Amino acid sequence: MTRTRRLALATAVTVLALVALFGPGLVANQSQIASGTCSQKYPDETRFSVGWRPLPVPGWYCTVGSTGDSLRLGWWLR
Amino acid sequence: MTTERSCGDWWPSWINGRSNPSSLAGQRYGRTKFTWSSTRLSAFQCYTDPTFEPDFVTYNYDGKYYFSKSVQSWSTDMPNGYLDTPFADSADERVYTVGTSRVTHLDPGRTYYSYFRTTNGNSGSDSAKVVAQRGRRIPSWCDSTWCIFAQESVIYFNGWTLPVPGTSTMYR
Amino acid sequence: MKRVASVVMGLLAWGFTDGFLGGHLAADQTPASVVIEVPTGDGAVTFGVLGKDQRDAEERLPSEVATTLDDLEGAALSESPRASRHIQRLRDARTAFAQGKFNRINSQLPVPGAVGRQVAAL
């Protein structure tokens, strides 16, 4: 394998690893949408938090303040 | 994406919401006012690179809206203020946001405001809630809304109890 | 190391959003805005005006600031207890703006989804 190919492979692996780890978790607007989605899913809750988690299933999660329950909202939110 | 330390209750001690016809015919404004106690603001500033947005959210499930979608003008006396224009906000819940990217520059006991103005919507009345949102700048040197990640939200006027037009204050 | 990681993440986020979403966002964004910061006795007030283009936003700036201050002062005067510091801040801003004392924070959008100090900060 040539040096160029090794470099290309290493870059591809790094990018794939980053996407797997962070995915849309790197997109600020997605966190805003997650917040809005969470609010709509739990209209009676007055406190909640959102965040990206790679495990157990990668995606945006909504955690409700009063119960501590977490709900996976999805990988890419619209 | 990030593990966060918990610093305690960070939200404003009270929020006042107000909306009215503007002094400029054909337009309407929304305004929030809010204050942090020393304890609350210390807690807020303990979080990593904190940001704050008082989201003025209107009820549009019925297709009636007091404000039109696009903001004409905005203002705030919070330092490092910005207008957030969410591109994918829900048609059912429209969000108007003027926030600050630097909570560390806020002072306790001081009343701040956020203001936005739009052209008239298709209805003379509506209802709203205010979502106090704590965010985080990632990376910390970036003040762009592209770098502000929503972390936690506390809802004022839950159940759409803020009359539009009108005014109300809620303590939390 | 942590700092390097955060910088890389920020750049990735930027690249991702600009590259993948830029086209989608463009259609939904207001094309231009002017943002200014007006000093007051105890801080500053920020004003933003959005327009169909830069010239429109620039031309409307004085009237938009005046309307905003009228609205805010009208609201403040109708409220009890009277927020005297808030009212004073608005009056300071009106005076300073009339005297041309303000800083331009940004006058060259579009920056998708973001309007404000960030442009200057970068």
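How many residues lie between E1(B) and E2(B) in their hairpin, and which residue in the turn has a positive phi? I start there, and then walk through the rest of this predicted model.

1. **The hairpin in chain B.** Five residues separate E1(B) and E2(B) in the hairpin, and the turn residue with a positive phi, about 85 degrees, is Gly26(B). The two strands run antiparallel and are joined by eight bridges. If you would like a pair to look at, Arg18(B) has Arg31(B) in E2(B) as its bridge partner. E1(B) is also joined to E11(B), again antiparallel, through six bridges; here Ser19(B) stands opposite Gly166(B).

2. **A sheet shared by chains B and C.** That hairpin belongs to an open sheet of eight strands, in the order E11(B)-E1(B)-E2(B)-E7(B)-E4(B)-E2(C)-E1(C)-E3(C), with antiparallel pairing. Its edges are E11 of chain B (166–171) and E3 of chain C (103–106), each of which pairs on one side only. On average, neighbouring strands are turned by 20 degrees against each other, direction ignored. Further along, E4 (residues 67–76) and E7 (residues 112–120) of chain B are antiparallel partners over six bridges, and Val71(B) faces Thr118(B) in E7(B).

3. **Helices on the sheet.** H2(C) packs on the sheet and touches strands of both chains: E1, E2, E4 and E7 of chain B, and E1 and E2 of chain C. The direction of H2(C) makes about 130 degrees with that of E2(C). H3 of chain C (residues 84–98) packs there too, touching E7 of chain B along with E1 and E2 of chain C, and its direction makes about 110 degrees with that of E1(C).

4. **The helix pair.** How do H2(C) and H3(C) sit against each other, parallel or antiparallel? They pack at an angle of about 160 degrees, with axes 10 Å apart, and angles over 145 count as roughly antiparallel; the two helices are therefore roughly antiparallel to each other. Their crossing is left-handed. Residues of H2(C) at this contact include Val65(C), Leu69(C) and Leu72(C), while those of H3(C) include Ile87(C), Leu90(C) and Phe97(C).

5. **The cores.** The largest nonpolar core has 59 residues, and those with the most contacts inside it are Tyr115(B), Phe116(B), Val130(B), Ala132(B), Val38(C) and Leu72(C). H2 of chain C (residues 54–78) gives the most to this core, namely seven residues. A second, separate core of 19 residues includes Ala28(A), Trp60(A), Cys62(A) and Ile148(B). Back in the largest core, the neighbours of Ala132(B) are worth displaying: among them are Trp11(B), Pro12(B), Ile15(B) and Tyr156(B), leaving aside residues up to four places away in sequence.

6. **Chain C on its own.** Chain C has four helices and four strands, which follow the pattern α-β-β-α-α-β-β-α along the sequence. Of its 122 residues, 37% are buried. Among contacts between residues at least 6 apart in sequence, 52% join residues at least 24 apart. Glu58(C), in helix H2, counts as partly exposed because it has 15 C-beta neighbours inside 10 Å. Its C-alpha is 9.5 Å from that of Val35(C), with the two residues 23 apart in sequence.

7. **Where A meets B.** Here 20 residues of chain A are in contact with 22 residues of chain B. On the chain A side, H2 (28–41) and E1 (47–53) each supply at least two residues. The largest share, ten residues, comes from H2(A).

8. **Backbone points to check by eye.** Most residues other than glycine have a negative phi, and most peptide bonds are trans. A cis peptide bond joins Leu55(A) and Pro56(A), with omega about -5 degrees; Pro56(A) is in the loop between E1 and E2 of chain A. Another cis bond joins Val164(B) and Pro165(B), with omega about 0 degrees, and Pro165(B) lies in the loop between E10 and E11 of chain B. Asn80(B), in the loop between E4 and E5 of chain B, has a positive phi near 55 degrees and is buried, with 23 other C-beta atoms within 10 Å. Trp160(B) also has a positive phi, about 60 degrees, but counts as partly exposed with 17 C-beta neighbours inside 10 Å. Trp160(B) is found in the loop between E9 and E10 of chain B.

Technical notes: Residues numbered from 1 in each chain as written. Chains lettered and ligands numbered in written order. Predicted model: local features only at pLDDT ≥ 70, side-chain atom pairs only at ≥ 80, totals over all residues. Core = buried A, V, L, I, M, F, W, Y, C linked by C-beta atoms within 7 Å. Buried ≥ 20, exposed ≤ 12 C-beta atoms within 10 Å, placed from the backbone. Contact = placed C-beta atoms within 7 Å. Pairing = 2+ DSSP bridges. Axes fitted to C-alpha atoms, helices over the stretch in contact; angles between N-to-C directions. Parallel < 35°, antiparallel > 145°, perpendicular 65-115°, else oblique. Left-handed = near helix turned anticlockwise from the far one by under 90°.
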